[in-house]
Amino acid sequence: MSLRQFEYALAVAEEGSVTAAAEMLHVAQPSVSQQIRGLERELGVKVFARTPTGLVLTVVGRAFLREAEVAVNAARRARATARAGADELVGELVVAAQMGFGTRQLPHALRRR
């Protein structure tokens, strides 16, 4: 099993369809279908029940995806920790200033760092 399979299965569960999950993930629909089939084949169980209106989690699928979500979140935290450890700044900086200060002093202050 791969982290990608976990992420794809979580997206399908959230979106309720392979097509919508593929759009959300910015990948081709056949790729998502293939990953889900491979995951179910490897597990030996059906994670999703196919219905006329889309895919729904089976009982086993719900239990499995709770653990898959823990794994995906742990991988994201590990990635963020590694990046932070490399002194790479990531995130968003928001600067607010009063009107008078913002037009004159702020540009000079930002240049000085």
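At what angle do helix α1 and helix α2 pack, and how far apart are their axes? The tour below reaches the answer at its second stop. Please note at the outset that the structure on display is a predicted model.

**First stop: the whole chain**

Begin with the entire protein chain in view. Its secondary structure comprises 5 helices and 2 strands. Followed along the sequence, these elements appear in the pattern α-α-α-β-β-α-α. Colouring the chain by burial would show that buried residues form 25% of its 113 residues. With a surface displayed, the chain exposes about 8300 Å², and carbon and sulfur atoms supply 54% of that area. Consider also the contacts with a separation of 6 or more: 48% of them are between residues 24 or more positions apart.

**Second stop: helices α1 and α2**

Next, select residues 3-15, which form helix α1, together with residues 18-25, which form helix α2. The two helices pack at an angle of about 120°, and their axes lie 8 Å apart. That angle makes α1 oblique to α2, because angles of 65 to 115 degrees count as roughly perpendicular and this one falls outside that range. The crossing of the two helices is right-handed.

To see the contact itself, display side chains. On the α1 side, select Y8, A11, V12, E14 and E15; on the α2 side, select V18, A20, A21, M24 and L25, which they meet. Of the residues in this contact, 8 are nonpolar and 2 are charged, while none is polar.

**Third stop: residue L25**

Keep α2 in view and centre on L25, which is found in this helix. Is L25 buried, partly exposed or exposed? Its relative accessible area is 26%, so L25 is partly exposed. Leaving aside residues up to four places away in sequence, L25 touches Y8, A11 and V32. Of these, Y8 and A11 belong to the α1 side of the contact with α2, whereas V32 lies in α3. A distance drawn between the C-alpha atoms of L25 and Y8 should read 7.9 Å, although the two residues are 17 residues apart along the chain.

**Fourth stop: residue H26**

Move on to H26, located in the loop between α2 and α3. What is the phi of H26? It is positive, at about 60°, although H26 is not a glycine. H26 is exposed, with a relative accessible area of 73%.

**Fifth stop: helices α2 and α3**

Now add residues 29-43, which make up helix α3. The axes of α2 and α3 come within 8 Å and cross at roughly 115°. This crossing makes α2 roughly perpendicular to α3. Here, too, the hand can be stated: α2 passes α3 in a right-handed crossing.

Which residues should be selected to show where α2 meets α3? They are V18, T19, A22 and L25 in α2, with Q29, V32 and S33 in α3. This contact divides into 4 nonpolar and 3 polar residues, with no charged ones.

**Final stop: residue S31**

Finally, select S31, which lies in helix α3. S31 is partly exposed, its relative accessible area being 26%. For a last distance, choose the C-alpha atoms of S31 and V18: they are separated by 9.5 Å, and the residues are 13 residues apart along the chain. V18 has appeared earlier on this tour, as one of the α2 residues that meet α1 and as one of those that meet α3.

Note on methods: Residues are numbered from 1 along each chain as its sequence is written. This is a predicted model: local features need pLDDT of at least 70, side-chain atom pairs count only at pLDDT 80 or more; totals for chains, interfaces and linings use all residues. Side-chain values use heavy atoms; hydrogens and water are left out. Axes are lines fitted to C-alpha atoms, for helices over the stretch in contact, and angles run from 0 to 180 degrees between N-to-C directions. Helices (H or I, at least four residues) and strands (E, at least two) are DSSP runs, numbered from the N terminus. Angles under 35 degrees count as roughly parallel, over 145 as roughly antiparallel, 65 to 115 as roughly perpendicular and the rest as oblique. A crossing is left-handed if the near helix is turned anticlockwise from the far one by less than a right angle, and right-handed if clockwise. Contact means heavy atoms within 4.5 Å. Ala, Val, Leu, Ile, Met, Phe, Trp, Tyr, Cys and Pro count as nonpolar, Asp, Glu, Lys and Arg as charged, and the others, Gly among them, as polar. Buried means under 20% relative accessible area, exposed over 50%, partly exposed in between (1.4 Å probe, protein chains only). Accessible areas come from the Shrake-Rupley method with a 1.4 Å probe; for residues, only the protein chains shown count as cover.
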